[in-house]
Amino acid sequence: MGFRLPGLQRRTDVPKGYLAVYVGENQKKRFVIPISYLNQPSIQDLLSQVEQEFGFDHPMGGLTIPCREDVFLEITSRLHRS
């Protein structure tokens, strides 16, 4: 049995085992990354910055990572290759 919270819509385009994140300093862009990336030190460093800037209040409704998009893409590209 499930329940719905009023005003909360869940996006269903994120496959199982993945997580949607919003990346950018000003304009936020949505990326879908494997949950396994959360164990990587480079992503954990970014998440520490997120905690310092936003705490647990993420205005986009999802995890927001306040770094430049090119930096995020470089980090995730390295993780994808390994």
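These are my notebook entries on the sheet, the nonpolar core and the salt bridges of a predicted model.

**Entry 1: the sheet**

I began with the strands, and I found an open sheet of three, in the order S2-S1-S3 and with mixed pairing. S2 and S3 are the edge strands, since each of them pairs on one side only. I then looked up the twist, and neighbouring strands turn by 40 degrees against each other on average when direction is ignored. Helix H2 packs on this sheet and touches S1, S2 and S3, while its direction makes about 15 degrees with that of S2.

**Entry 2: the S1-S2 pairing**

I next followed S1 and S2, which pair in the antiparallel sense over six bridges. As a general note to myself, strands of a sheet pair through backbone hydrogen bonds, in either a parallel or an antiparallel way. For the register I noted two positions: Ala20 has Val32 in S2 as its bridge partner, and Val23 stands opposite Lys29 in S2. The two strands form a hairpin with five residues between them, and in that turn I noted Gly24, whose phi is positive at about 145 degrees.

**Entry 3: the core**

Which residues touch the most other members of the largest nonpolar core? Among its 14 residues, I listed Val21, Val23, Ile43, Leu46, Ile65, Cys67 and Phe72 in that role. Two or more residues each come from strand S1 (18-23), strand S2 (29-34), helix H1 (41-54), strand S3 (63-65) and helix H2 (69-81). I kept in mind that nonpolar side chains in soluble globular proteins tend to be buried together.

I then took Cys67 by itself and left out residues up to four places away in sequence; its contacts are Val23, Gly24, Glu25, Leu46 and Phe72. Of these, Gly24 is the turn residue with the positive phi that I had noted in the hairpin.

**Entry 4: the salt bridges**

I counted five salt bridges. The general idea behind the search is that side chains of opposite charge can pair when their charged atoms come close.

Glu69 pairs with Lys29, and their closest N and O atoms are 3.5 Å apart. Because Glu69 lies in helix H2 and Lys29 in strand S2, this pair ties together parts that are 40 residues apart in sequence. Are the two residues buried or partly exposed? I found Glu69 partly exposed at a relative accessible area of 29%, and Lys29 is likewise partly exposed, at 42%. Lys29 is also the residue that stands opposite Val23, so I cross-referenced this entry with the hairpin entry, given that the salt bridge joins strand S2 to helix H2.

Asp70 forms a salt bridge with Arg68, where the closest N and O atoms are 2.9 Å apart. Asp70 is partly exposed with a relative accessible area of 44%, and Arg68 is partly exposed at 43%.

Finally, I looked at Arg81 and Glu74, whose side chains meet in a salt bridge at 4.0 Å from N to O. I noted with care that the cut-off for a salt bridge is 4 Å. Arg81 counts as exposed at 61% relative accessibility, whereas Glu74 counts as partly exposed at 40%. This pair does not stand by itself, for Glu74, Arg78 and Arg81 are linked in a network of salt bridges.

Notes:
Residues are numbered from 1 along each chain as its sequence is written. This is a predicted model: local features need pLDDT of at least 70, side-chain atom pairs count only at pLDDT 80 or more; totals for chains, interfaces and linings use all residues. Side-chain values use heavy atoms; hydrogens and water are left out. A nonpolar core is a set of buried Ala, Val, Leu, Ile, Met, Phe, Trp, Tyr and Cys residues joined through side-chain atoms within 4.5 Å. Buried means under 20% relative accessible area, exposed over 50%, partly exposed in between (1.4 Å probe, protein chains only). Helices (H or I, at least four residues) and strands (E, at least two) are DSSP runs, numbered from the N terminus. Contact means heavy atoms within 4.5 Å. Two strands pair if DSSP finds at least two bridges between them. Axes are lines fitted to C-alpha atoms, for helices over the stretch in contact, and angles run from 0 to 180 degrees between N-to-C directions.
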